[in-house]
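Subject: Structure for you to look at

Hi,

Here's the structure I promised to send over. Have it open while you read, and my notes on what turned up are just below.

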Amino acid sequence: MHRRRFLGTLGALSLAKAAAPEKRTRFYAFEHFTLRNGSGASRLHDFVSQALLPAMNRVHSGPKIILEQLVGPHTPEVLAIYGFSSMEEMWDVHTKMSQDEAVGKGVQVLESGAEPAFESLDSSVVEAAGYSPEIKPEASGIPRIFELRIYHSPTSRQLGLLHERFRGPEIKIFHRAGIHPILYGSTVIGPNIPNLTYVIPFTDLAAREKAWNAFAADPEWPKVRKDSIDKGGEIVTSNQILLYKATKYSPIR
């Protein structure tokens, strides 16, 4: 190959590489551990912080959030959220974790107590919406409050209209009010399908209350909601609101 043409090819490859789209987090695994009050809760926290997370960090760089429930139907509860670029990556990490020696020893300790470490584990998979931001670590590192909201729609068509409302005018109202969700998505494996699931961090409960009051008082919100109902009817038939606080060992808190 001619030298000039070769150098030109290298330059084109470099530009193509630089312009390659950023790897996005497309799927999130939600794991809800329902606990009992007692020693089991501390064993679960020890297992997650000392065995599970270190092992996952060795094989996976995606977002990880570990939360303790403050308000919800099953307190105490621990919620673990893990982000993946694909279902294949999710399964690959699961396979590697199941073969990890440290995780295996951690499970033995977890299950060695006189009482179970947790009563049940409910898992679901949420696919991120196209307008969902990438989750980034908080610079301050101070544990925040996280609000999980799940809005059930009666049909997939109405869920589409709900996403349309969120990615359009509702996000603008959110941001004016101080509400900045880090994840918007819909459950693809799990209960309450079809739904819109989103997660919002707040510095504390007072900041949360102030933001939602500002949202309710925004003069544009009633019109946005009315337009949405006129177009698709009652596109939300039920909602679930859960409040959590990040654990001290959560990678994202």
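One thing before the details: this is a predicted model.

Let's begin with strand 7, which covers residues 195-202. All 8 of its 8 residues are buried, so strand 7 is largely enclosed by the rest of the structure. If you look at one side, you'll find N195, T197, V199 and P201, and on the other L196, Y198, I200 and F202. Both faces are covered.

What pairs with strand 7? Strand 5 (residues 145-152) runs antiparallel to strand 7, and 8 bridges join the two. To find your way around that pairing, look for H152, which sits opposite N195 of strand 7. Strand 6 (residues 183-189) is also antiparallel to strand 7, joined to it by 3 bridges. Here L183 has V199 of strand 7 as its bridge partner. Strand 6 and strand 7 make a hairpin, with 5 residues between them. Check out G190 in that turn: its phi is positive, at about 140 degrees.

Now for a pair of helices. Helix 2 (residues 39-59) and helix 4 (residues 101-110) have axes that come within 9 Å and cross at roughly 170 degrees. An angle over 145 degrees counts as roughly antiparallel, so that is how helix 2 lies relative to helix 4. On the helix 2 side, the contact is made by R43, L44, F47, A51, A55 and R58. Helix 4 brings A102, V103, G106, V107, V109 and L110. Sorted by type, the residues of this contact are 9 nonpolar, 1 polar and 2 charged.

Cheers

Key:
Residues are numbered from 1 along each chain as its sequence is written. This is a predicted model: local features need pLDDT of at least 70, side-chain atom pairs count only at pLDDT 80 or more; totals for chains, interfaces and linings use all residues. Side-chain values use heavy atoms; hydrogens and water are left out. Buried means under 20% relative accessible area, exposed over 50%, partly exposed in between (1.4 Å probe, protein chains only). Helices (H or I, at least four residues) and strands (E, at least two) are DSSP runs, numbered from the N terminus. Two strands pair if DSSP finds at least two bridges between them. Axes are lines fitted to C-alpha atoms, for helices over the stretch in contact, and angles run from 0 to 180 degrees between N-to-C directions. Angles under 35 degrees count as roughly parallel, over 145 as roughly antiparallel, 65 to 115 as roughly perpendicular and the rest as oblique. Contact means heavy atoms within 4.5 Å. Ala, Val, Leu, Ile, Met, Phe, Trp, Tyr, Cys and Pro count as nonpolar, Asp, Glu, Lys and Arg as charged, and the others, Gly among them, as polar.
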